[in-house]
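Subject: Structure handover

Hi,

Here is the structure I promised to pass on. Have a look through it, and then read my notes below.

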Amino acid sequence: MWNLTKFVASRLSRSRRFFSSVIPRPCIIQKRGADILHDPWINKETGFPLAERNRLGLRGLLPPRVISFEQQYARFMESYRSLEKNTVSEPDTSHVALAKWRILNRLHDRNETLYFRVLIDNIKDFAPIIYTPTVGLVCQNYSGLFRRPRGMYFSAKDKGEMMSMIYNWPAQKVDMIVLTDGSRILGLGDLGVHGIGIPIGKLDMYVAAAGLNPQRILPVMLDVGTNNLKLIEDPLYLGLRQPRLEGEEYLSIIDEFIEAVLTRWPKAIVQFEDFQMKWAFETLKRYRERFCMFNDDVQGTAGVALAGLLGTVRAQGRSLDDFPNQKIVVVGAGSAGLGVLSMAVQAVVRMTGNAETAAQNFFLLDKDGLITKERKNLDPAAVAFAKDPGLIAGLRDGDSLLEVVKKVKPDVLLGLSGVGGVFNEEVLKALRESGSNRPAIFAMSNPTMNAECTAVEAFKHAGENIVFASGSPFENVQLGNGKVGYVNQANNMYLFPGIGLGALLSGARIITDDMLQAAAECLASYMTDQDIEKGILYPSINSIRDITAEVGASVVRAAVAEEVAEGYGKVDPEELAYMSK
C-alpha cells in the first residue's frame with residue numbers, strides 16, 4: 001500500500017508540474033512608459049490601475065480614468081455591432097468584410113489580450129473575418145491595408161544572414177511557426193509577400209482554438225520573388241520585385257531558414273502553408289523525417305476531408321467498414337486534392353490490409369479531365385491515382401467531369417479545383433442519377449467565389465437528400481415542407497489546431513501519418529448518430545476549443561504509441577503514456 005501511495009503521489013506531483021509548465025504565470029515587464037503602450041503583448045490601455053501606472057512610468061501618459069477589462073470588452077463589442085448595423089444594407093460585401101477586418105486588426109495591433117478574449121468568445125462571428133474567406137481579400141489588398149509589421153520576413157536577398165536575423169525576434173521561446181512563400185494563396189494564386197495574411201490568420205486560430213500562448217507563435221513570410229506581373233509592376237507592392245527563384249536556389253533559401261529556426265528553437269513546430277504543388281510535396285518529403293512539421297494544404301485538408309468522407313458513409317446508413325466500397329470522384333490534382341486521395345487510400349489500406357486495390361474506387365480529374373495511365377507528362381505525385389482506361393466501360397483519358405459522373409456513378413463528388421462553378425447544373429443532375437441513396441458533394445475550394453458550387457445550387461439540382469460540405473461558409477438552405485438542407489463547413493480549422501496542440505504537448509520528434517489519421521478519425525467520431533442522420537458531418541465552430549482538445553489528445557496518444565513523443569516541459573514520454581484521455 002505504501003508503494004502504491006507513493007507512486008500515485010509522484011504521478012500527481014508530476015501532473016501538477018505539467019500544468020504549471022503549460023499555464024502562464026505573471027510576467028516580469030522589462031519595459032517602461034510609452035514602450036509598454038506601444039507593445040500589444042502587454043498593453044492594457046486604460047486598464048492599468050494607478051499602482052501599475054506609478055510603478056511602470058505610465059502616469060500622465062493615459063487619461064486619468066481606469067477602464068476595466070470588462071468595460072473595454074463591452075465598448076469594443078458595441079463598436080463592432082454598430083458597424084454591423086450600419087452596413088447591413090451595403091451591397092458591396094467585400095467592402096463590409098474588409099471594414100470588419102480593419103476594426104479587429106486595429107484591436108490586435110494595440111491590445112492582444114483583449115483581441116483574443118473577443119475572438120474566443122465570438123469565434124463563430126469572427127473566424128470568417130480573421131480566417132477564410134475574408135483573409136483572401138486581405139491578402140489581395142495587403143499593400144493598402146498594411147499599417148504595422150506582424151511576424152518575420154525572410155527574402156532571397158537575406159541569403160547568408162538568416163542565422164543572425166532569427167535572433168531579431170523578441171520572444172525567447174517559440175512553439176509554433178506558420179510559414180508560407182505566398183505562391184498559392186487559397187485559390188487566388190501567387191500573391192507574393194502579401195500572402196503573410198494567411199500565417200497571421202492561422203496562428204490567431206491556434207491561439208483561439210488551441211490556447212497557444214500568443215507570445216510563442218511566429219508567422220513567417222519567405223519572399224523568393226513573385227511571378228505575378230501585376231504585383232511586380234505595382235509601385236506599392238511590399239515584396240521583392242523579381243521572378244520567383246526555382247530549383248536548388250529556391251531550396252537553399254528554405255534550407256537556410258529551417259536551419260536558423262531549429263538552431264534557436266529546436267522544438268518549434270513548423271506548419272507549411274499555401275506553397276504551390278511542386279514545392280508543397282518536395283518540402284514535405286524533404287523535411288518530414290527531420291523535424292516536427294506538416295503541410296496543412298496536403299495533410300490538414302486531407303484530414304478534414306477524410307473525416308467528412310467517413311461521416312458520409314454513416315449518413316448513408318452504412319457501416320464504416322463500407323468506406324472502401326465508396327466511389328469517390330476528386331476534382332483538382334493540386335496539393336490539396338492529392339493530399340486527400342493519399343490519406344483516404346491510407347484509410348482504405350488500414351481497413352482492408354490490401355494496398356494493391358486500395359485506390360480502385362477513387363477517380364482523379366485535373367483541368368484536362370480524367371487522369372489515366374495514358375496521360376503524357378503526368379505529374380509524379382498523381383501517378384498512383386491514374387486509372388487504367390478499361391476499368392469502367394467507355395472511360396477514357398481526358399473525359400470531362402460530366403462524362404465521368406455519368407459513367408462512374410459516384411457516391412461522393414469532391415472538389416478542390418479552385419474553379420468556381422465547375423459543379424454546374426448538368427453535373428449535379430447527373431450525380432442525382434448516380435444510384436447512391438444519399439450522394440455527397442464537397443465543394444471545398446475557397447474563398448467563396450472559387451467554390452465549385454453553392455449550397456443552393458447543390459440542393460436544387462442534386463436533390464434535397466444530399467450531404468453537402470463547403471470550404472467557405474454558406475447559409476443552411478430552406479427546403480420544402482419546413483426541412484433544412486444543412487451546410488457543413490469542411491474547414492481545416494477543425495483539425496490543424498489539434499494537430500499542432502497534440503504535437504506540441506507530446507513533444508513529438510516528427511508528425512507521422514498515424515498521428516494525422518488519428519486526428520481525422522477523432523473528428524469523424526465527434527458527431528452523434530442523430531447529427532449524422534440529418535447530414536451534419538462537422539460540429540459547430542462554437543465547439544472549436546472542445547474539438548481541438550479531443551483531436552489534440554488523440555494526436556498525443558498516437559505519438560506515444562509510435563514512440564516519437566519526447567515529452568513536454570517536465571513531463572516525459574513515460575508519464576504521457578500513463579495519462580488518461
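Let me begin with an arginine: Arg318 counts as partly exposed, because its relative accessibility is 28%. Before I go on, bear in mind that this is a predicted model.

What does Arg318 pair with? Its salt-bridge partner is Asp411, and the closest N and O atoms of the two are 3.7 Å apart. That pair links distant parts of the chain, 93 residues apart: Arg318 is in the loop between α15 (296-315) and β6, while Asp411 is in the loop between α17 and β9. Asp411 has a relative accessible area of 7%, so that residue is buried.

More on salt bridges

The structure holds 33 salt bridges, and a few of them are worth pulling up on screen.

Asp181 forms one with Arg244, with 3.8 Å between the closest N and O atoms. Asp181 lies in the loop between β2 (176-180) and α11 (197-210), and Arg244 in the loop between α12 (229-232) and α13 (247-264), so this pair ties together parts that are 63 residues apart in sequence. Both Asp181 and Arg244 are buried.

Glu425 and Lys429 make a local pair to look at, their side chains meeting in a salt bridge at 2.7 Å, N to O. The two are four residues apart in helix α18 (residues 425-432), so about one helical turn separates them. Are they buried or exposed? Glu425 is partly exposed, with a relative accessible area of 39%, and Lys429 also counts as partly exposed, at 42% relative accessibility. Elsewhere, Asp109, Glu112, Arg148 and Arg150 are joined into one network by salt bridges that share partners.

The sheet

Now to the strands. An open sheet is formed by seven of them, with mixed pairing, in the order β8-β7-β6-β9-β10-β11-β14. Its edges are β8 (369-370) and β14 (487-489); each has a single partner strand, so one side of each is left without a neighbour in the sheet. The partner of β8 is β7 (residues 362-366): the two run antiparallel and are joined by two bridges. If you want to see that pairing residue by residue, Asp366 stands opposite Gly369 in β8.

Two helices pack on this sheet. Helix α16 (residues 335-352) touches β6 (328-331), β7 and β9 (412-415), and its direction makes about 170° with that of β7. Helix α17 (residues 401-408) touches β6, β7, β8 and β9, with its direction at about 170° to that of β6. You have met α17 and β9 already, since the loop between them holds Asp411.

Cysteines

How many disulfides are there? The structure holds zero. Cys522 is in no disulfide, and the nearest cysteine sulfur, that of Cys292, is 18 Å away. Cys522 is buried, with a relative accessible area of 13%, and Cys453 counts as buried too, at 1% relative accessibility.

What the record says

One annotation to pass on: UniProt, in an unreviewed entry, places the feature "domain: Malic enzyme N-terminal" at residues 108-288. In the model, that span is 46% helix and 11% strand, and its end C-alpha atoms lie 33 Å apart.

That's what I have for now.

Cheers

Technical notes:
Residues numbered from 1 in each chain as written. Predicted model: local features only at pLDDT ≥ 70, side-chain atom pairs only at ≥ 80, totals over all residues. Heavy atoms only, no water. Pairing = 2+ DSSP bridges. Contact = heavy atoms within 4.5 Å. Axes fitted to C-alpha atoms, helices over the stretch in contact; angles between N-to-C directions. Salt bridge = Lys/Arg side-chain N within 4 Å of Asp/Glu carboxyl O. Buried < 20%, exposed > 50% of the residue type's maximum accessible area, 1.4 Å probe, protein only. UniProt positions renumbered as here; feature names shortened; annotations may be inferred. Disulfide = S-S within 2.5 Å.
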